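Student: Got a minute to walk through this model with me? I'd like to start with how the helices pack.
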Amino acid sequence: MEIFDYDNILLLPRKCRVESRSECDPSMQFGRHTFKLPVVPANMKTVIDEPISEWLAANGYFYVMHRFDIDNLAYAKRMRDKGLFVSISSGVKPDDFKVIDQLAAEGVGADYITIDIAHGHAESVRKTIEHIKQKLPSTFVIAGNVATPEAVIDLENWGADATKVGVGPGKVCITKLKTGFGTGGWQLSALKWCARVATKPIIADGGIRDHGDIAKSVRFGAAMVMIGSLFAGHEESPGKTVEVDGKLFKEYYGSASDFNKGEYKHVEGKRILEPIKGKLADTLREMREDVQSSISYAGGTKLADIRKVNYVILGGDNAGEHLLM
Ligand SMILES: NC(=O)C1=CN([C@@H]2O[C@H](COP(=O)(O)OP(=O)(O)OC[C@H]3O[C@@H](n4cnc5c(N)ncnc54)[C@H](OP(=O)(O)O)[C@@H]3O)[C@@H](O)[C@H]2O)C=CC1
Ligand SMILES: Nc1nc2c(ncn2[C@@H]2O[C@H](COP(=O)(O)O)[C@@H](O)[C@H]2O)c(=O)[nH]1
């Protein structure tokens, strides 16, 4: 198997088919909705909060609210009152099952539920998917996180509508160091490996450091890309603002860090400071332009055209040109 990651792959251009990058359409359908970009901010406490989720939903972007210290039912009702789609996260515990029961009983429902646990290839996830599908049959269920084709096959067979791939590639992740497991350092080839067997959409989660990594994710099979660190340092970001030597930063911590958990138990995440980089809307606009540009280099007009390009692996044992035959 070829092993590579975002920093040692480059995509190869094909003859341009547009006169302006504005002709390239980076939008995509995911579930029942169409979104402006194949990008979603990570469902983490220092990345998304209620105002950001409202803004994203109202402006044509996908969002996944985090699941920590939040009343999901009340949150879902507030989104419904504003006429916005509901996309929440769930754990796999009895309390999470109760929330699903309440969403069903009160007719609030949810458009998307993301089951997001550290080791998503687990019986607990099978039971949670089963429960959601029984109580809220029209909800689009995203399940993860996983790292192997076997896991993607199981989650799909258990009823997941999409799977989330990425164990350990995140910027504030220390799973690789603490456990010796994961896709940290080879996330992009793990994505390729998983995408070969997937029959439903994959969300590539973690490891995105530059906007060009979005196109690389799409090339290797992602329908959607989940991003934490690149979104964490905005003026609106929920992390605390910290001043160091006169420069402003936002804190960004892992969901499995002691900062998120409130205790030092099964810690697989850390806290870092991200330099503040302006408004979220400006970053999203720039990302959209960059993905439009990626589509044009792919010789296409739509997102899926990125899947058709060849690529080169730079350096290492797998170096070389890889042509689609
Ligand atoms: N994408 C990634 O690489 C990772 C992401 N995370 C993020 O951090 C969040 C919090 O993670 P964390 O507090 O560690 O755990 P979770 O909140 O994911 O745990 C959910 C449930 O799964 C159990 N569980 C967790 N890990 C394992 C495992 N390795 N084997 C068996 N059971 C397990 C937990 O029990 P118990 O705690 O008793 O074991 C708990 O009952 C996650 O929801 C995820 O968003 C965390 C780690 C990796
Ligand atoms: N191993 C851990 N992974 C974590 C933790 N908190 C979040 N995450 C994952 O990281 C991505 C975001 O990655 P980034 O490279 O874009 O910053 C996020 O979506 C989760 O899957 C954690 O504590 N430990």
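Student: Which hand is the crossing of α2 and α3?
Tutor: Right-handed. Keep in mind that this is a predicted model.

Student: And what angle do α2 and α3 pack at?
Tutor: About 35 degrees. The axes of α2 (residues 72–81) and α3 are 9 Å apart.

Student: Which residues meet there?
Tutor: From α2, N72, L73 and A76. From α3, V99, Q102 and L103. By class, that contact has four nonpolar residues, two polar and no charged ones.

Student: New topic. Where does V92 sit?
Tutor: In the loop between β5 (87–90) and α3 (94–105).

Student: Buried or exposed?
Tutor: V92 is buried, because 20 other C-beta atoms lie within 10 Å. The cut-off for buried is 20 or more.

Student: What does V92 touch?
Tutor: I115, I117, S124, V125 and T128. That list leaves out residues up to four places away in sequence.

Student: How far is V92 from I48?
Tutor: Their C-alpha atoms are separated by 21 Å. Along the chain, V92 and I48 are 44 residues apart.

Student: I117 came up just now. Which residues come nearest to ligand 1?
Tutor: I117 is one of them. The others are A118, H119, S255 and A256. In total, 19 residues are around ligand 1.

Student: How does the shell around ligand 1 divide?
Tutor: Six nonpolar, eleven polar and two charged.

Student: And ligand 2, how many residues surround it?
Tutor: 24. The closest are G170, C173, G228, G254 and G269. The shell around ligand 2 has eight nonpolar, 13 polar and three charged residues.

Student: Back to helices. What span should α11 have?
Tutor: 26 Å, because α11 (residues 280–297) has 18 residues at 1.5 Å a residue. Its end C-alpha atoms are 26 Å apart, so the two agree.

Student: Which residues of α11 are buried?
Tutor: L280, L284, M287, V291, Q292, S294, I295 and S296.

Student: Several of those are three or four places apart. Why would that matter in a helix?
Tutor: An α-helix has 3.6 residues a turn, so residues spaced that way point the same way.

Student: What covers the buried residues of α11?
Tutor: Among others, β4 (39–41), α1 (50–58), α8 (212–219) and α9 (229–232).

Student: Last one. What phi does G299 take, just after α11?
Tutor: A positive one, about 70 degrees.

Key. Residues are numbered from 1 along each chain as its sequence is written. Chains are lettered from A and ligands numbered from 1 in the order in which they are written. This is a predicted model: local features need pLDDT of at least 70, side-chain atom pairs count only at pLDDT 80 or more; totals for chains, interfaces and linings use all residues. A residue is near a molecule or strand if its C-beta atom, placed from the backbone, lies within 6 Å of it. Ala, Val, Leu, Ile, Met, Phe, Trp, Tyr, Cys and Pro count as nonpolar, Asp, Glu, Lys and Arg as charged, and the others, Gly among them, as polar. Helices (H or I, at least four residues) and strands (E, at least two) are DSSP runs, numbered from the N terminus. The expected span of a helix is 1.5 Å times one less than its number of residues. A residue is buried if 20 or more other C-beta atoms lie within 10 Å of its own, exposed if 12 or fewer, and partly exposed in between; C-beta atoms are placed from the backbone. Two residues are in contact if their C-beta atoms, placed from the backbone, lie within 7 Å. Axes are lines fitted to C-alpha atoms, for helices over the stretch in contact, and angles run from 0 to 180 degrees between N-to-C directions. A crossing is left-handed if the near helix is turned anticlockwise from the far one by less than a right angle, and right-handed if clockwise.
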